[in-house]
Amino acid sequence: MPFTKKPTPQNQATLNLLKKLIDLQKIENQITTLKREIQNLPNQRLVIEKRREDLEINLENSRKQMRHIELEKKSLELEVKSKQQLIQRYREQQAKTRKNEEFQALNHEISLVQAEIVKLEDRELELMEEAENLKPHLQKADADYKAGLQEIQEQLIALDYKKDSLQKLLSDLQNKRSENLSSLETDLAENYERLLKTKNGLAIARLHNDVCRGCWMKVPRETALLVEACTEIVTCPNCGRILTPFD
Ligand SMILES: [Zn+2]
């Protein structure tokens with residue numbers, strides 16, 4: 001409060017007006033902050049949804065690897081089976097033949113196929129080991145996905161709640177703003193709104209040590225005295241903002 005002496009009715013009227021204007025400016029600032037926060041909500045949602053996608057991709061990759069191993073294992077099993085049938089056929093041919101040469105040739109074929117089967121079975125063992133190693137990764141990806149999904153769900157609900165709360169707060173502030181604004185005289189209200197638009201959202205500025213905190217310029221002493229006297233609304237000669245001796 002700039003007064004040590006008892007305010008006159010004129011002081012009191014100006015003081016009341018200034019208080020109202022300062023209040024309005026505070027509401028304005030809160031509205032700006034709220035709008036910015038609300039505008040930023042879709043970005044927050046995107047960040048959360050990106051995390052869900054990452055978890056899904058991680059799980060799907062582990063599953064794909066596992067499917068790939070299983071498919072290769074199945075195809076190896078089929079190959080082994082068909083080679084065993086081939087050996088079976090060779091043995092039947094051996095049983096029928098009386099020629100020693102042919103018998104020996106078939107033996108040779110059989111040992112070749114058997115060697116191939118050993119290779120295939122080795123690969124099968126390798127694949128089984130790969131599957132065993134992959135299992136904990138798959139389980140972890142699955143657990144991460146489930147836990148992450150739960151958390152993400154909660155974050156999305158919290159975000160919706162935040163959006164509702166912010167919007168409610170914004171609409172309350174906007175109502176309060178209209179109410180306060182309509183209680184001002186038309187000229188002053190219009191000047192205030194014009195200043196808000198042209199002065200980067202700041203219509204009311206504190207005068208401190210003769211410096212306007214809106215444009216940071218020193219005002220003439222007589223202007224400063226007028227502001228301190230609080231008998232009328234005074235504007236900054238440089239930026240045009242409404243000056244107050246307090247905030
Ligand atoms: Zn100024």
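## A tour from the zinc ion to the largest pocket

Select Cys239: with a relative accessibility of 8%, Cys239 counts as buried, because the cut-off for buried is under 20%. Keep in mind that this is a predicted model.

**Stop 1: the zinc ion.** Keep Cys239 selected and add Cys212, Cys215 and Cys236. These are the protein donors of the zinc ion. Each one offers its SG atom, and the donors lie 2.3 Å from the ion. Now look at the angles among the 4 donor atoms. They run from 105 to 114°, and the site is tetrahedral.

How are the donor residues spaced in sequence? The pattern is C-x2-C-x20-C-x2-C. Next, show Cys215 and Cys239 as a pair. They are 24 residues apart and link distant parts of the chain. Cys215 sits in the loop between strand E2 (211-212) and helix H4 (221-229). Cys239 sits in the loop between strand E3 (234-235) and strand E4 (242-244).

**Stop 2: the largest pocket.** Select Ile22, Gln25, Lys26, Asn29, Leu202, Ile204, Ala205, Arg206, Thr244, Phe246 and Asp247. Together they line the largest pocket. Its volume is about 160 Å³. Two elements, helix H1 (9-96) and strand E1 (204-208), give two or more residues each to this lining.

Which element gives the largest share of the lining? Color H1 to see: H1 supplies 4 residues, the largest share.

Last, color the lining by residue type. You should find 5 nonpolar, 3 polar and 3 charged residues.

Definitions and conventions: Residues are numbered from 1 along each chain as its sequence is written. This is a predicted model: local features need pLDDT of at least 70, side-chain atom pairs count only at pLDDT 80 or more; totals for chains, interfaces and linings use all residues. Side-chain values use heavy atoms; hydrogens and water are left out. On a 1 Å grid over the protein atoms alone, a cavity is a set of points where a 1.4 Å probe fits but cannot get out, and a pocket is an open set with protein on both sides within 12 Å along at least five of seven lines; lining residues have an atom within 4 Å of a point. Grid points are joined across faces, edges and corners, and a volume is the space filled by probe spheres set on the points. Ala, Val, Leu, Ile, Met, Phe, Trp, Tyr, Cys and Pro count as nonpolar, Asp, Glu, Lys and Arg as charged, and the others, Gly among them, as polar. Donors are N, O and S atoms within 2.8 Å of the metal (3.2 Å for Na, K and Ca); water is not among the atoms, so sites may look incomplete. Four donors count as tetrahedral if all angles lie between 85 and 135 degrees; four count as square planar and six as octahedral if opposite donors are over 155 degrees apart and all others between 65 and 115; anything else is irregular. Buried means under 20% relative accessible area, exposed over 50%, partly exposed in between (1.4 Å probe, protein chains only).
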